[in-house]
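Open the model in your viewer and keep the selection panel at hand. The tour goes from one selection to the next.

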Amino acid sequence: MPYIDTFRTLRVGAGISISRVAKAAGISRDTIQRIEKHLNAREETLVSAVHALNTLHYKANGGLLDPASLITSTSKYGAA
């Protein structure tokens, strides 16, 4: 299963709440929390979450995050 180990750091650094990114991504707050706890999620869900960060912050502030460079097949925090 795919992971994004840096999602929480990116979200907090952008000053975006869990609720706001979840709404923009069209996924639940629980799913965002799972992503941030380094639990697995479907790749489509992770891509949606990254696109939400881009829309809410990164697009207007100097660049876009590339989902392909953030999503890994393993988590450095161990399998969940």
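**Stop 1: α2 against α3**

Select residues 18-25, helix α2, and residues 29-36, helix α3; their axes come within 8 Å and cross at roughly 110 degrees. Keep in mind that this is a predicted model. Angles of 65 to 115 degrees count as roughly perpendicular, so α2 and α3 are roughly perpendicular to each other. The crossing of α2 and α3 is right-handed.

Now show side chains. On the α2 side, pick Ile18, Ser19, Val21 and Ala22. They meet Arg29, Ile32, Gln33 and Glu36 of α3. Colour the residues of this α2–α3 contact by class: 4 are nonpolar, 2 polar and 2 charged.

**Stop 2: α3 against α4**

Keep α3 and add α4, residues 43-56. The axes of α3 and α4 are 11 Å apart, and the two helices pack at an angle of about 95 degrees. That angle makes α3 roughly perpendicular to α4.

Select Thr31, Ile32 and Ile35 in α3. Across from them, in α4, they meet Thr45, Leu46 and Ala49. This α3–α4 contact has 4 nonpolar residues, 2 polar ones and no charged ones.

**Stop 3: the largest nonpolar core**

Which members of the largest nonpolar core touch the most other members? Select Ile4, Phe7, Val21, Ile32, Ile35, Leu53 and Leu65: these are the ones, out of 22 residues in the core. Helices α1 (7-13), α2, α3 and α4 each supply at least two core residues. The largest share, 5 residues, comes from α4. As background, nonpolar side chains in soluble globular proteins tend to be buried together.

**Stop 4: Val21**

Zoom in on Val21, one of the α2 residues that meet α3 and one of the core members with the most core contacts. What does Val21 touch, leaving aside neighbours within four places in sequence? Show Phe7, Arg11 and Ile16, then Ile32. Add Ala49, Ala52, Leu53 and Leu56 to complete the list of Val21 contacts.

**Stop 5: Asn54**

Move to Asn54, in helix α4. Is Asn54 buried or exposed? Its relative accessibility is 5%. Buried means under 20%, so Asn54 counts as buried.

Next, show the contacts of Asn54, again leaving aside neighbours within four places in sequence. These are Lys59, Leu64 and Leu65. Leu65 is familiar from Stop 3, among the core residues that touch the most other members.

Notes: Residues numbered from 1 in each chain as written. Predicted model: local features only at pLDDT ≥ 70, side-chain atom pairs only at ≥ 80, totals over all residues. Heavy atoms only, no water. Axes fitted to C-alpha atoms, helices over the stretch in contact; angles between N-to-C directions. Helix = DSSP H or I, 4+ residues; strand = E, 2+ residues; numbered from the N terminus. Parallel < 35°, antiparallel > 145°, perpendicular 65-115°, else oblique. Left-handed = near helix turned anticlockwise from the far one by under 90°. Contact = heavy atoms within 4.5 Å. Nonpolar A, V, L, I, M, F, W, Y, C, P; charged D, E, K, R; others polar. Core = buried A, V, L, I, M, F, W, Y, C linked by side-chain atoms within 4.5 Å. Buried < 20%, exposed > 50% of the residue type's maximum accessible area, 1.4 Å probe, protein only.
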